[in-house]
Amino acid sequence: MVLTLAQLAEELGAELRGDGATEISGLGTLRGATAQQLTFLANPRYRAYLEQTAAAAVLCTADQAEDCPVAALVVADPYQAFARISHHFDTTPAPLREVHPRAVIAADAVIEDNVSIGPNAVIGAGVRLKAGAVVMANAVIGDGSEVGEQARIYPNVTIYHGVIIGPRTIIHAGSVIGSDGFGFAFNEGRWNKVAQVGGVRIGADVDIGANVTIDRGAIEDTVIGNGVILDDQVHLAHNVVVGDHTAMAGKVGVSGSTRIGSYCMIGGAVGIAGHLEIGDRVVVLGMTLVSRSLTEPGTYGSALPADRQDRWRRNTARFRHLDELYRRVRKLEQDAGRG
Amino acid sequence: MVLTLAQLAEELGAELRGDGATEISGLGTLRGATAQQLTFLANPRYRAYLEQTAAAAVLCTADQAEDCPVAALVVADPYQAFARISHHFDTTPAPLREVHPRAVIAADAVIEDNVSIGPNAVIGAGVRLKAGAVVMANAVIGDGSEVGEQARIYPNVTIYHGVIIGPRTIIHAGSVIGSDGFGFAFNEGRWNKVAQVGGVRIGADVDIGANVTIDRGAIEDTVIGNGVILDDQVHLAHNVVVGDHTAMAGKVGVSGSTRIGSYCMIGGAVGIAGHLEIGDRVVVLGMTLVSRSLTEPGTYGSALPADRQDRWRRNTARFRHLDELYRRVRKLEQDAGRG
Amino acid sequence: MVLTLAQLAEELGAELRGDGATEISGLGTLRGATAQQLTFLANPRYRAYLEQTAAAAVLCTADQAEDCPVAALVVADPYQAFARISHHFDTTPAPLREVHPRAVIAADAVIEDNVSIGPNAVIGAGVRLKAGAVVMANAVIGDGSEVGEQARIYPNVTIYHGVIIGPRTIIHAGSVIGSDGFGFAFNEGRWNKVAQVGGVRIGADVDIGANVTIDRGAIEDTVIGNGVILDDQVHLAHNVVVGDHTAMAGKVGVSGSTRIGSYCMIGGAVGIAGHLEIGDRVVVLGMTLVSRSLTEPGTYGSALPADRQDRWRRNTARFRHLDELYRRVRKLEQDAGRG
């Protein structure tokens with residue numbers, strides 16, 4: 001793909017400062033871009049690299065463009081503009097829009113127009129693959145499940161039975177959707193499995209990373225809203241509900257029946273206990289333990305940051321006696337007549 | 001599946017309060033159940049929903065039945081009764097009890113009666129699939145491994161060589177059993193791999209979630225007892241031993257050679273260091289770091305819970321000086337004549 | 001495989017104390033080894049088992065050999081010697097050095113000499129499998145990727161397009177290399193995906209565990225150096241750079257664009273935030289949160305260790321007021337005339 005700066009400026013509604021005939025054939029970073037590549041400046045910490053860039057052009061704000069040594073595409077939100085342009089240079093192979101002869105497809109599955117099915121993909125009974133859906137090599141779609149229009153299921157994904165996936169949703173390799181929730185009743189010395197009769201419903205424009213697990217509901221469905229983005233190795237237990245446009249970074253785990261609002265941002269490796277309510281626009285910092293409901297918008301944290309081993313050891317040893325320390329301070333205050 | 005309340009009462013030995021001819025065709029929650037569905041009341045926090053339920057009938061205790069506006073099946077343990085009944089309404093497709101023509105099976109593999117093998121499943125040399133075992137699509141069973149009677153291996157699971165899986169054990173999609181333990185000897189600036197010559201032995205009636213990893217032993221086997229339940233994304237390193245009926249929630253990680261007793265309950269995302277002994281009936285709360293052996297039954301925790309960002313920042317900054325604070329309090333006490 | 005003690009002594013340059021004709025047919029632990037097995041003593045905590053061992057022979061130091069009741073192979077570094085010997089007794093099935101007829105291989109893929117490709121493996125367009133490479137059953141190699149000489153890709157692994165894997169590198173089952181990085185630009189109430197146009201480059205002699213995820217770069221590549229070892233369920237986000245011979249235990253997560261030096265050792269379930277610099281020879285203890293760059297070699301920790309639930313509850317409740325406690329102590333000091 002080769003585009004001129006004039007074409008890109010027009011697409012973005014950007015002000016072009018430079019030669020519109022300059023051809024762009026790829027993307028680069030401020031530091032690494034070559035004279036055929038477009039780059040952008042969004043993170044202020046990289047501003048110092050602007051003046052040395054060897055890119056063909058830089059997506060930046062009007063203010064930044066003053067210091068830009070090469071052509072500039074002036075926009076209000078450079079990262080947003082870059083996101084839009086980036087797809088022209090995407091290297092992801094286009095789906096072949098064919099059903100590979102080595103796919104295994106149940107006789108009653110419904111395969112709509114322009115569907116791609118890769119080799120060794122297995123499509124169960126009663127499945128519906130809607131128009132333009134892509135199911136890649138070695139993925140498995142369980143009985144009665146549905147893959148929405150233009151949705152893309154990467155290799156080695158397993159979708160169980162009774163899962164509904166919305167249009168344009170992407171599920172990366174190795175993820176598992178609809179496995180049994182962790183439901184057991186303890187009786188007479190053993191765990192008796194509770195059949196998990198709910199399903200999973202995933203909305204439109206959802207992006208699910210690699211090796212994610214989303215369990216089916218115990219009775220009702222596990223539900224993922226529209227526009228949700230989940231990074232690799234996220235785990236959502238049975239009957240979790242995730243509101244629209246919520247983002248979860250890698251390795252987040254959410255326990256059963258917790259409901260998370262819309263526009264939340266959950267940091268990496270956060271753990272959220274079960275049966276909680278997390279409101280809209282809640283931000284949780286990385287590695288936080290959420291053990292109570294968070295109904296107020298705001299930012300929450302709990303993890304201690306790394307420290308030198310010697311100091312960490314001394315402080316954690318003292319932590320075991322923190323309550324006692326409080327009592328000792330209280331006693332000192334009382335003795336000083338301030339009790 | 002449709003059952004009458006009279007049939008369900010008889011199966012459970014429950015006292016029926018209501019019309020035995022009422023037909024049940026599904027399961028619901030107290031709030032969501034329709035007039036064709038059975039529900040249950042176990043968690044006291046849902047008691048308030050009992051009076052508004054529109055279910056056909058409710059599994060509950062005699063005491064709760066007083067307030068039940070619809071038919072009641074009176075039992076001592078409603079959740080246990082629900083667990084038992086739930087399987088009548090399970091939506092999981094029944095195995096086809098056939099070997100799919102697209103399975104790839106080594107000439108010397110032993111396939112017993114009523115085994116199901118899905119398309120593209122790969123069964124290695126010398127494997128034994130015992131009576132009624134189910135190996136689903138795209139799963140791989142390594143050379144010489146054994147899958148027990150009625151055990152079920154979901155799609156895209158990888159079982160390495162030399163793994164023994166007990167009867168009725170379930171392994172959900174994407175899990176990997178028997179990959180190499182993380183054993184390396186550091187020498188002359190590089191990590192030299194130690195061959196992992198042990199295997200994995202998994203007992204009867206074990207339930208393993210999706211995308212779990214259980215490594216093979218370095219020399220002797222990694223061993224999972226009977227009736228163990230492991231949620232999604234659990235990781236057990238080489239030579240871990242897990243006692244019977246122990247439960248681990250999602251994302252638990254256990255390092256090498258640690259031995260865990262029976263009837264333990266390990267919360268989500270707990271990390272357990274290597275070479276430890278965890279006794280029977282130990283309960284560990286979510287996200288706890290277990291870095292020493294826990295030989296006494298009891299409940300253990302370590303993680304700090306989420307707090308507002310501003311307070312969390314102030315408190316974690318102070319934590320770096322906690323040992324110093326102790327010394328200052330000690331000095332105050334000494335000055336006050338209480339040293 | 002059967003070897004005599006004389007053969008082993010010669011291979012290792014070890015001093016043999018005992019009968020060189022003794023035959024070794026396997027490996028055992030100090031406690032469990034039989035009279036046909038070799039064992040070793042490396043961890044001092046197992047020294048007490050030396051005197052009761054029933055092994056055929058023990059790899060140990062000269063000092064330890066004094067107490068050895070059976071034959072000894074005296075070496076400077078018993079674990080290193082064991083690592084070397086262990087491969088003679090490896091039970092991992094040897095690759096068949098054949099292309100299985102049920103593999104699916106693009107017409108323009110380049111398959112060099114002695115390559116093994118398992119059933120249902122899918123090899124994309126333009127892929128190069130170098131001499132002796134092994135791609136096992138149901139693995140998928142994306143378009144244009146390259147698998148190095150003698151590298152081994154276990155079953156159900158997914159390699160995306162544009163991934164370079166070095167010689168002798170091992171990737172265990174279920175791992176995903178080259179899935180999209182978690183890059184989105186938020187605009188007008190939704191997350192807009194940024195095409196991830198970088199790739200992944202993995203060096204030589206790397207060992208990657210099961211169900212690991214390594215995302216492709218946003219613009220430039222994600223890079224894993226030579227000799228790196230990653231345990232199961234590690235997650236490396238886009239544009240992470242890992243230096244040579246760094247080791248990461250199970251469940252480590254590293255956020256985007258963080259650069260980690262050489263010879264680091266990162267403990268289990270450590271979380272490292274994005275855009276950080278971790279220097280060479282940094283050691284991070286299990287479950288630590290790394291939220292700032294660590295440029296000095298040394299050992300770092302942050303997690304609190306498990307405590308009894310009652311004490312844990314009391315202390316964590318006090319932690320919420322730690323800053324206040326500091327202020328109260330300061331006040332006491334001031335009142336005492338030490339402000």
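This text leads the reader through the sheets of the structure and through the two interfaces that chain C makes. The model is a predicted one.

A suitable place to begin is chain A, where nine strands form an open sheet. Their order is S9-S12-S15-S18-S23-S26-S29-S32-S35, and the pairing is parallel. At the edges stand strand S9 (110-111) and strand S35 (277-278) of chain A, each of which pairs on one side only. Within this sheet, strand S15 (residues 146-147) and strand S18 (residues 163-165) of chain A pair in the parallel sense over two bridges. The residue of S18(A) that serves as bridge partner of Val147(A) is Ile165(A).

A second open sheet involves chains B and C. It has eleven strands in the order S10(B)-S13(B)-S16(B)-S19(B)-S24(B)-S27(B)-S30(B)-S33(B)-S36(B)-S38(B)-S39(C), and its pairing is mixed. Strand S10 (116-117) of chain B and strand S39 (307-308) of chain C each have a single partner strand, so one side of each is left without a neighbour in the sheet. A parallel pair in this sheet is formed by strand S30 (residues 247-248) and strand S33 (residues 265-266) of chain B, joined by two bridges. There, Met248(B) has Ile266(B) of S33(B) as its bridge partner. An antiparallel pair links the two chains: two bridges join strand S38 (residues 298-301) of chain B to S39(C). In that pair, Tyr300(B) is matched with Arg308(C) as its bridge partner in S39(C).

This strand pair leads to the interface between chain C and chain B. The contact takes 76 residues from chain C and 79 residues from chain B. The size of an interface is often given as the accessible area lost when the parts come together. Between chain C and chain B the buried area is about 6,400 Å², and carbon and sulfur atoms give 59% of it. On the chain C side, Phe319(C), Arg320(C) and Tyr326(C) lose the most area to chain B, together 11% of what that side buries.

Polar and charged groups also meet across this interface. The rule finds five salt bridges between chain C and chain B. Arg328(B) and Glu333(C) form a salt bridge, with their closest N and O atoms 2.8 Å apart. In addition, 43 residue pairs are in polar contact across the interface of chain C and chain B, both residues being at pLDDT 80 or more. The elements of chain C that give two or more residues to the side touching chain B include helix H3 (78-86), helix H4 (309-319) and helix H5 (322-335). H5(C) gives the most to that side, with nine residues. By class, the side of chain C that touches chain B divides into 35 nonpolar, 23 polar and 18 charged residues.

Chain C also meets chain A. Here, 79 residues of chain C are in contact with 76 residues of chain A. The area buried between chain C and chain A is about 6,400 Å², with 59% given by carbon and sulfur atoms. Phe182(C), Trp191(C) and Arg318(C) supply 11% of the area that chain C buries against chain A, more than any other three residues. Five salt bridges are counted between chain C and chain A. In one of these salt bridges, the side chains of Asp323(A) and Arg318(C) meet at 2.7 Å, N to O. Strand pairing is found here as well, for two bridges join strand S39 (residues 307-308) of chain A to S38(C) in the antiparallel sense. Arg308(A) has Tyr300(C) of S38(C) as its bridge partner.

The last stop is strand S7 (residues 71-74) of chain C. In a regular strand the side chains alternate between the two faces of the sheet. Both faces of S7(C) are covered: Ala71(C) and Leu73(C) are buried on one side, as are Ala72(C) and Val74(C) on the other. Strand S2 (residues 15-17) of chain C runs antiparallel to S7(C) and is joined to it by three bridges, with Ala72(C) as the bridge partner of Arg17(C). Strand S6 (residues 57-60) of chain C runs parallel to S7(C), and four bridges join the two. In this pair, Cys60(C) has Val74(C) as its bridge partner.

Methods: Residues are numbered from 1 along each chain as its sequence is written. Chains are lettered from A and ligands numbered from 1 in the order in which they are written. This is a predicted model: local features need pLDDT of at least 70, side-chain atom pairs count only at pLDDT 80 or more; totals for chains, interfaces and linings use all residues. Side-chain values use heavy atoms; hydrogens and water are left out. Two strands pair if DSSP finds at least two bridges between them. Contact means heavy atoms within 4.5 Å. Buried area is the accessible area (1.4 Å probe) that two parts lose on being put together, summed over both. A salt bridge is a side-chain nitrogen of Lys or Arg within 4 Å of a carboxyl oxygen of Asp or Glu. A polar contact is a pair of N or O atoms within 3.5 Å; within protein, one must be able to donate a hydrogen and the other to accept it, and residues adjacent in sequence count only if both atoms are side-chain atoms. Ala, Val, Leu, Ile, Met, Phe, Trp, Tyr, Cys and Pro count as nonpolar, Asp, Glu, Lys and Arg as charged, and the others, Gly among them, as polar. Buried means under 20% relative accessible area, exposed over 50%, partly exposed in between (1.4 Å probe, protein chains only).
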